[in-house]
Amino acid sequence: MHNRSRISNLLFILPALAMFCVFSVYPFVKTFQLSAFQWDGVSKSMQFVGLNNYKDVLFNNPNFWYSMGAAGYITLLALIIQNALALLLAVLVDRGVKAQNFFRTTFFLPPVLSFIVVALVWKWIYDPNYGILNFGLTGLGMIQFQGFGWLSEAKTALTGVAVVHMWKGFGWGFIILLAGLQGIPRELYESASIDGASVWQQFKRITVPLMIPTFVVVSILTILGSMQIFDLIYGMTRGGPAGLTHVPITRIYEYMNNGEFGYATTMAVVFGLVLLIVSLVQINVSRRASQKI
Amino acid sequence: MNRIMTNTIVYFVLILVVITCLFPVAWMFSSSLKSQSEVFTNMSLVPEHAKWSNYIAAWTKANFGTYFFNSIIYTVFGVLGVVFIASLAAYAFARLQFPLKNVLFLLLISTLLIPLPGAFVPLYVLLQKLRLLDTRLGLILCYINGGLAFAIFLLRSFFQQLPKELEEAAMMDGASRFSIYWRIAMPLARPALATIVIFNALNIWNEFLLALVMLQDKAKMPIQRGLMVFQGTHITDYPLLMAGITIATVPVVAVYLLMQKHIIKGITAGALKG
Amino acid sequence: MSKLTRGNSKFAISGLVVFSILLAVTSAILTSCTSKEKQKSTDVIIWHWMTDREDVFNELAKRYEKQTGIVVKFETFAPSDAYRDKIRAATQGNLLPDVFSPLGDDRELAAYVKAGHIANLTKEMESGWKDRFFEKPLAYSSFFSGNQWDVEPGIYGVPIDVTSMQIYYNKGLFKEAGLDPENPPKTWPEFIEAGRKLRAAGIQPFVSGFGEGWLAGAFVSSYEWNLLGKQGVIDTIRGKLPYTDPRWVRLLGLLGEMREAGMFASGVATMVNKDAERLFATGRAAMAWNGSWGVNVYHSMNPKLNYGIMLPPRLPDAKYPLKIWGGGASSLNVNAESPNKDKAIAFLEWLTDDEQQAFLAQETRNIPANKRCCTALSPVLREFANNLDITQDRLPITEDWKVLSVKFTGMQSIVADYKTPEQVAKEIESEKKRVASAR
């Protein structure tokens, strides 16, 4: 009777297990299998190429690594500027301003919007001839921006996209950092100020050490989210101008669309490894940093 | 004196950020109410005459009605699928015994931790084999699977924390495991279920990449994909595009404003636990 | 306690809402299922991407049914990259319709033929069918012996219309700048000079959707044939002539010359063709590099536009004839594994017959593939049709898509003054070497 009930319990988990095997396990395994083949998505059979795809991705494809660098640039900007801004705002709101709820609600509005919506609205704002940004800038006297194509000029395209990414993303960091800040007991600050510590010293000695786990979470989420950016690029520039805003996922999509399924999955595997290594390094570094403090 | 100054600066900075957050949304709405020629010439937030007919044109001529309807289908079925499949599994992990229980759970969690970028490529090959490409069912199944791991993780810890007395009492009364799950555990799990519903609804409504890769028939496209299709073919029709974007955004913002406490609580709980 | 009951009613209401949505949705899906059964009585199913021809196609299908009783159904999938994806998705599992097109380059067409998806129509074509077509579009639907992909030689597609590309010019704006509207520039120096005059008169001289890289490539390709000749082009693809050769640098530099003469309308490097077409149609640019489909587009945007077309002005010192991009066509292929193959072929033969082609040409203002129908065309389209024999020859090999991608984005960089022709030439050549070594 025991056995029967145990096995019939499996029925509870059966749908999830079935979905998982078909839609998670199979694609995971298939990725590695496909990466050793060459397939155009049309022919009925695939060609085995062994490690050739890997060799090409690792040593012979500067465009792919350039796209990795572009994503890295966006990630770096997000890690530094976006999260600094989020931290600043969280600190300010945590100090106890009125209408905390109002600020929390508005700051988290951009993350709730879809990437496509954000991409299209900002593309319109960035429009060289009719966008409100250039209108405002030329109105302030900076006439060199009349007709300036933020998304079509080599020097500003990637940064322009990064700005939108940060605009959309800072709300996440803000919410998590605020929750972390609010988890620090007030008594610590009170006793420190009684002991004569300044606001800055309190921040350095109390806030920062206690916030390190939260910083780690925010950093990893930022890295994973920013490196895998796709929708925003697709909506704003499609990788242009002249391929300068291509990121790894857009490259993988491009190769798949051009009938190089095996090669595309190889790029995905290499990219996944890079992400894994970066995340592990990040955790390691912050563990050491928290030990020092 | 010092305090008044710092307070003013603090509020100034905060209000500045608020304006930066809200202005693009307001601009989007304002552009949607302008006429084709006005949108290129009138740079104020307030249109001369609010052209509400843009919305009717967007809904019918530009097919945003179809896209909206498709998004509803994907969201409703996706969320329902996640809720039922994940809660069943989570209850089993929390309360029932079966072979290989811990191994399976570890496997499930591993998918949350290991990033697999470009998963859409093998998923495309899979759906192609199953003849589910360019079908609503195929996309819905992908969406359900995407939300399962996190939902199971969340619900399992929730179920584990429920007091066992209610369930034990029901078991002694001879209730089947399924009816205990359905009548006792699930109603009590409403807060966690609400979080899962909201998160998956938001994610599916906003999703783009899978809809791009898996669907080719315009009649099946959700609204994010529809926006890009419209933008590709009517590049300079900004008022209609902005109206379409507003149509895509209003449900999201409405749900957000109603449920924001829930959403924010969910994120902070999840992130801090992680 | 009150919070619980409030929560209860909220969930009850939302539960009701969800249930009613579910009901509505399932009924919608069920009704769409029944309409699929209606399609089973169709004889030939055709998937296409030509949204501007949807109504004409449906009208022709109705006529065919009246004449023969055979039911043909046209289904449109747009935009064209969604169509291309749809076809590719349908290749596994026997989901392809009776008539379709891969809508890709030669490499893709070859892949489809070799996978057995596309029927070899040589036998049907040889019995007189092929005589009605222009030579070039038929060539682009065929493979010849010695082709790069080892495809069995033969005719694999049915051309519906032909396109080629030339430079449209606005006669009114030409007159304004002091140029003779009946005598457009015939050589490159004249072309640059005309550009300068137009710019001096405050008119944007030249526009094209170079944001779509292949258009820039198509423009320069005319001069590739002019300067290098057919063998030179073939040698480049084969790798015997490097892209760093001074002649290639000069070809890339042609765009630089245009830029320096102030010929480009602002934003050309990232402009999509639709915007470029709108600029020309509204008289804001004097010349537009566009295809024969432009006639239909300009008519819908501005029927009163007074324009003519001219060939790309040749390089005076070049040894070989200038050949324009074109000759290819919208064409349809027959599914080799379809049970309705014969009915499909019969319909396509009817579709490309004189009466139907004339009707198509009239309604959609495109050049018909059937060369006997050109009397139905407007003067501009007739000029396009007459120039079909100087379109570029169909080559047995094509350049790799990755090299072309670098070539096209390189051209965009030159137009945007971001890279020099020498830099771009080096980049194309190194991509070419990289691709060759990967093989």
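# Working through chains A, B and C

Chain C has an average pLDDT of 87, with 91% of its residues at 70 or above; pLDDT is the predictor's confidence in each residue, from 0 to 100. This is a predicted model, where local features need pLDDT of at least 70, side-chain atom pairs count only at pLDDT 80 or more, and totals for chains, interfaces and linings use all residues. Residues are numbered from 1 along each chain as its sequence is written, while chains are lettered from A and ligands numbered from 1 in the order in which they are written.

## Exercise 1: confidence

Find the stretches of chain C where the pLDDT is under 50 or below 50, and say how to treat them.

Solution. Start at residues 1-10 of chain C, where pLDDT stays under 50 and the model has 1 contact beyond four places in sequence. A contact here means two residues whose C-beta atoms, placed from the backbone, lie within 7 Å. Then go to residues 31-39 of chain C: pLDDT is below 50 there too, and the stretch has 1 contact beyond near neighbours in sequence. Where pLDDT is low, don't read the predicted coordinates in detail. For the model's overall scores, note ipTM 0.89 and pTM 0.85.

## Exercise 2: chain B on its own

Describe the secondary structure and the spread of chain B.

Solution. First, count elements: chain B has 13 helices and 0 strands. Helices (H or I, at least four residues) and strands (E, at least two) are DSSP runs, numbered from the N terminus. Next, the box: the C-alpha trace of chain B spans about 75 × 70 × 35 Å along its principal axes. Now try the globule rule, 2.2 Å times the number of residues to the power 0.38, with the radius of gyration taken over C-alpha atoms. For 274 residues, a compact globule would come out near 19 Å, but chain B has 23 Å. Finally, 46% of chain B's 274 residues are buried. The cut-offs: 20 or more other C-beta atoms within 10 Å of a residue's own make it buried, 12 or fewer exposed, and in between partly exposed, with C-beta atoms placed from the backbone.

## Exercise 3: who touches chain B?

Work out what chain A and chain C each bring to their contact with chain B.

Solution. Take chain A: 66 of its residues are in contact with 65 residues of chain B. Helix α1 (residues 2-35) of chain A gives the largest share of that side, 19 residues. By class, chain A's side has 52 nonpolar, 10 polar and 4 charged residues. (Nonpolar covers Ala, Val, Leu, Ile, Met, Phe, Trp, Tyr, Cys and Pro; charged covers Asp, Glu, Lys and Arg; the others, Gly among them, are polar.)

Now chain C: 20 of its residues meet 17 of chain B. Two or more residues each come from α1 (2-39), α3 (80-89) and α11 (273-281) of chain C, and α1(C) gives the most, with 6. The classes on chain C's side are 12 nonpolar, 3 polar and 5 charged.

## Exercise 4: the two domains of chain C

Locate the domains of chain C and describe their contact.

Solution. Domain bounds come from an automatic or database domain assignment. In chain C that gives domain 1 (44-163 + 328-382) and domain 2 (164-325 + 397-438). Their centres, taken over C-alpha atoms, are 29 Å apart. The contact takes 14 residues from domain 1 and 11 from domain 2. Domain 1's side has 4 nonpolar, 5 polar and 5 charged residues.
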